[in-house]
Each structure stands twice: as C-alpha cells, then as structure tokens.
Amino acid sequence: MVHNRNQVKSEKYVENSKGAKNTKSGENLKYRFKKENAKSARVKFKDSPTEDLVNTNKIKRSVQSLLTVVILSVATYICYKGYLETRVNTPFDDKKVVQNSGLSVPDRYWGSYRPGNYFGLKTREPYSPVAGLIWYFPEKVLVEGPNFRHWCEQGDGINRYTWIQHDGKDFGIQEIDDGGVRLTTSFVKRSGGKNGGDWTTRINVTNLILMFLEICVWVISYYEINNDA
C-alpha cells in the first residue's frame with residue numbers, strides 16, 4: 001500500500017495534536033484536582049473551630065444534665081429522709097438523762113409540764129391528774145362555732161402567748177394576748193407532804209382596747225389516759 005508523504009505528515013500532525021490535547025487535558029485535570037484539594041483544605045480549616053464549639057457545647061450540656069440529675073437525686077433523698085422522720089419513731093436506747101422522777105424529786109413533782117396547752121399543770125407521773133385553762137368569747141359562738149381555746153392551735157389566731165417569768169420549779173407568770181384581751185396566768189407551788197406539795201393558780205383578764213368584751217374562762221382538771229388527755 002502506497003502512502004502519500006503529505007498524507008503521512010497530516011496523520012502525524014493529527015496524532016501529535018491529539019497527544020497535545022490529551023496532555024493539556026491531563027494537566028488541566030491535575031490543576032483542578034489540586035485546586036479542589038486546596039479548597040477542601042481551606043474549608044476544613046475554616047470549619048474546624050465550629051466543630052470544636054459544637055463539641056464544647058455538647059460537653060457542657062452533658063455536664064449540666066448530669067449535675068441536674070445529681071441535685072434532684074440529693075433533694076429527693078433528703079425529702080424522703082424527712083418523710084421517714086415523721087413516720088418512723090426510733091427508740092433511744094441509751095441511759096436516760098433524768099434518772100430520778102416522780103416523788104423521788106419532790107420539789108419538781110408538780111410543774112407546767114404541758115407544752116401542748118396554753119396553760120396547764122401536771123405531775124411527772126405517767127398517769128397524772130392534770131389541770132388546764134379553757135376560754136372563749138360568747139359573741140363569736142354563733143358566728144365561728146364554739147371556738148374554745150385550750151390546745152395550742154394555729155387557727156385560734158392568738159396574737160402572743162409566752163412565759164415572762166418562770167424558775168422551772170416553784171412559780172411562773174404567763175401572758176396570752178387574744179384579740180382585745182390579755183389573760184395573765186400565774187401559779188405558785190409549795191413542796192412537801194406525801195403528794196408532792198400543793199399549788200395555787202390565778203387567771204387575770206384585762207382589756208387591751210377601749211370596749212366591752214365578754215369572755216368565759218374555766219380552769220378544769222382531769223386525768224390522763226395513755227399519756228393523752
């Protein structure tokens with residue numbers, strides 16, 4: 001087969017041009033690849049602080065959640081222990097502070113040993129005769145019911161009641177402010193005899209406001225049964 005020189009040259013030129021194009025396209029691909037790698041590196045470099053912030057926020061949230069759970073657990077435990085203290089009575093098995101009681105200590109046999117009453121006297125025996133104070137206002141009976149004052153109750157609305165003098169043994173003076181009146185309770189005790197001595201009490205009522213108020217007052221006595229009156 002005979003080829004013309006011009007034809008051979010043209011074919012070589014075509015092949016060379018194709019090779020040149022392929023070379024240029026390869027270089028272009030390498031350039032684009034390097035450029036994209038550089039862009040991705042820049043993007044990663046720019047995004048890395050944001051990722052650190054996200055991770056830091058996640059850690060903070062986890063720590064806050066853990067602290068919240070711990071605080072709630074401690075609060076629940078404390079509330080549960082407080083609830084048990086009101087429901088469970090654990091006896092104290094150690095030696096008693098007060099070894100002698102009753103008539104073995106005659107000068108302290110009678111006293112104001114009734115903290116749940118506005119005023120009351122009893123002995124140190126388990127089953128003792130007790131004395132207590134009761135009063136009410138007749139004008140309030142029809143409106144508020146009997147409304148007797150005897151046990152210390154928040155609903156009574158007493159302004160003030162407190163001992164102003166008390167030696168813990170022989171005498172005591174107390175003031176009770178109820179609305180417009182003041183009740184002054186006092187007692188004096190004399191030791192001796194077979195029953196621990198005797199005592200006398202006096203109840204004095206005075207007005208705190210310039211108006212007439214009717215009040216009924218009793219000093220009653222009764223016996224305790226199972227340490228409850």
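Visitor: Does Cys216 count as buried, partly exposed or exposed, and what is its relative accessibility?

Guide: This is a predicted model in which local features need pLDDT of at least 70, side-chain atom pairs count only at pLDDT 80 or more, and totals for chains, interfaces and linings use all residues. Residues are numbered from 1 along each chain as its sequence is written, and side-chain values use heavy atoms, with hydrogens and water left out. Buried means under 20% relative accessible area and exposed over 50%, with partly exposed in between (1.4 Å probe, protein chains only). Cys216 therefore counts as partly exposed, at 22%.

Visitor: How many disulfides does a search of the whole structure find?

Guide: A disulfide is taken here as a pair of cysteine sulfur atoms within 2.5 Å. When the whole structure is searched on that basis, the number found is zero.

Visitor: Which strand gives the largest share of the largest nonpolar core?

Guide: A nonpolar core is a set of buried Ala, Val, Leu, Ile, Met, Phe, Trp, Tyr and Cys residues joined through side-chain atoms within 4.5 Å. The largest one here has 12 residues, among them Tyr118, Trp135 and Phe187. Strands S3 (129-136) and S6 (181-190) each give two or more residues to this core, strands being DSSP runs (E, at least two residues) numbered from the N terminus. The largest share, three residues, comes from S6.

Visitor: Is Asp156 buried or exposed?

Guide: Asp156 is in contact, meaning heavy atoms within 4.5 Å, with Tyr118, Asn147, Phe148, Arg149 and Trp151, leaving aside neighbours within four places in sequence. Because its relative accessibility is 12%, Asp156 counts as buried.

Note on methods: Helices (H or I, at least four residues) and strands (E, at least two) are DSSP runs, numbered from the N terminus.
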